[in-house]
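Me: Please take a close look at the aromatic rings in this structure. I am new to it, so explain the terms as you go.

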Amino acid sequence: VATSLFWLPTELPSLWASRRFHLLSSAADARDLSARLAAAGEKSMLVAEIPGTIPGPPTLSVRNPRFPEFSVDLHVVPLIPPASHTPQENAP
C-alpha cells in the first residue's frame, strides 16, 4: 500500500502482517517505488490517497461522514515492466 497519508498505517494495524506500507513524500518517491516494484515482478500496486488526488475513478472509496479528513480513495495502479534490453536490428 503506497500513500502520502502518514496516519493511514496506524489506522490499519490488522493489515501489518499481510501488507507492506510505503509512505511517500513526493512524486519522485512514487516513481521510484513503482520502478522498484515493477522490476521485482509486481504487476500493480495499491495507492491510498485523499479523495480526488488521483485522476480517474477509484477502485474503492472509503468515506467517513463524521470525519471526512479520514476518507480515502483506493486505486489499483498497473505497473509498467522495465524495458527489456533487446538489440535493435541493423544497430552499428
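Reply: Searching the whole structure turns up two aromatic pairs; rings of Phe, Tyr and Trp (its six-membered ring) pair if their centres lie within 6.5 Å, and planes under 30 degrees apart count as stacked, over 60 as edge-to-face and the rest as tilted. The model is predicted: local features need pLDDT of at least 70, side-chain atom pairs count only at pLDDT 80 or more, and totals for chains, interfaces and linings use all residues. Residues are numbered from 1 along each chain as its sequence is written, and side-chain values use heavy atoms, with hydrogens and water left out.

One pair is W7 with F70: the ring centres are 4.8 Å apart and the planes stand at 75 degrees, so the pair is edge-to-face. The two residues are 63 residues apart and link distant parts of the chain. W7 sits in the loop between β1 (2-3) and α1 (8-11), while F70 sits in the loop between β4 (60-62) and β5 (72-78). Helices (H or I, at least four residues) and strands (E, at least two) are DSSP runs, numbered from the N terminus.

W7 counts as buried at 14% relative accessibility, whereas F70, at 36%, counts as partly exposed. Buried means under 20% relative accessible area, exposed over 50%, and partly exposed in between (1.4 Å probe, protein chains only).

F70 also pairs with F67: their ring centres are 6.5 Å apart and their planes at 80 degrees, so this pair is edge-to-face. F67 has a relative accessible area of 38% and is partly exposed. Through these ring pairs, W7, F67 and F70 are linked into a cluster.
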